[in-house]
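Before this entry goes further, I would like to set down some points on its aromatic residues, its backbone and its surface. Please read them with the coordinates open.

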Amino acid sequence: DGSIKIFDPCSCNEIVDIKIHNGPIYQLIFRESTVISLSKDGTLAFTNFVTNEVERKIQLKECGIIHNKTRMVLHGDSILIGGSNGLICEYNLSNGKFIGNWEKYHHASITALSACNHTVVSGDQNGLVKIWHDKN
């Protein structure tokens, strides 16, 4: 329903319910005190789970249609999102601004995305896997 719910682990009672998105949430990433959520409504939200406030919300126009197989990953000071258009969209993690698209080497929706150190691996719905190395 577009909400993030936090439960007490001992009692299993819901202690927080924050309505963030206008559609289902497809993926969550925790980073320090922030939950980054990706939703079907085409937005990326940064929510502080200490204050229970949405810090910022970004409309992901550059990534194509967001669907339940769209994936995101943290990579250095960026967040990468694999789009339905075969692009990898890069956003600045600290301010949420769009940095740019990586080269379009996928001709289908990106359905897998992983990052470790200076390497990113992407896979698409046709089974094509690409390994990307940073120049750093």
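Buried means under 20% relative accessible area, exposed means over 50%, and partly exposed covers what lies in between. These words are used in that sense below, and the model they describe is a predicted one.

1. A search of the whole structure finds 3 aromatic pairs. Two of the pairs are discussed here, beginning with Phe30 and Phe49, whose ring centres are 5.9 Å apart and whose planes meet at 75°, so this pair is edge-to-face. Planes over 60 degrees apart are what that label requires.

2. The pair of Phe30 and Phe49 joins distant parts of the chain, since Phe30 belongs to strand E3 (residues 25–31) while Phe49 is in the loop between strand E5 (43–48) and strand E6 (53–59), 19 residues apart. As for accessibility, Phe30 has a relative value of 58% and therefore counts as exposed, whereas Phe49, with a relative accessible area of 32%, is partly exposed.

3. Trp102 and Trp132 also form an edge-to-face pair, with 5.2 Å from centre to centre and 65° between the planes. This pair, too, links distant parts of the chain: Trp102 sits in the loop between strand E10 (98–101) and strand E11 (110–116), and Trp132 in strand E13 (residues 129–133), 30 residues apart. Are these two tryptophans, Trp102 and Trp132, buried or exposed? Both Trp102 and Trp132 are buried.

4. Which residues make up the nonpolar patch on the surface? The patch is formed by Leu28, Phe30, Phe49 and Val50, which together have about 400 Å² of accessible area. Leu28 lies in strand E3 and, at 40% relative accessibility, counts as partly exposed. The patch thus includes both rings of the pair described under the opening points, Phe30 and Phe49.

5. A contact of another kind involves Arg56, whose charged end sits over the ring of Phe46 at 4.1 Å from the ring centre.

6. Two backbone angles deserve a look during review. Cys12, in the loop between strand E1 (3–7) and strand E2 (14–19), has a phi near 65°, which is a positive value in a residue other than glycine; at 58% relative accessibility, Cys12 counts as exposed. Asn52, in the loop between E5 and E6, likewise has a positive phi, near 60°, and is not a glycine; its relative accessible area of 32% makes Asn52 partly exposed.

Note on methods: Residues are numbered from 1 along each chain as its sequence is written. This is a predicted model: local features need pLDDT of at least 70, side-chain atom pairs count only at pLDDT 80 or more; totals for chains, interfaces and linings use all residues. Side-chain values use heavy atoms; hydrogens and water are left out. Rings of Phe, Tyr and Trp (its six-membered ring) pair if their centres lie within 6.5 Å; planes under 30 degrees apart count as stacked, over 60 as edge-to-face and the rest as tilted. Helices (H or I, at least four residues) and strands (E, at least two) are DSSP runs, numbered from the N terminus. Buried means under 20% relative accessible area, exposed over 50%, partly exposed in between (1.4 Å probe, protein chains only). A charge sits over a ring if NZ of Lys or CZ of Arg is within 6 Å of the ring centre and within 35 degrees of the ring normal. Patches are made of residues with over 30% relative accessible area and no salt bridge: like charges are joined within 9 Å, nonpolar side chains (Val, Leu, Ile, Met, Phe, Trp, Tyr) within 5 Å. Accessible areas come from the Shrake-Rupley method with a 1.4 Å probe; for residues, only the protein chains shown count as cover. A salt bridge is a side-chain nitrogen of Lys or Arg within 4 Å of a carboxyl oxygen of Asp or Glu.
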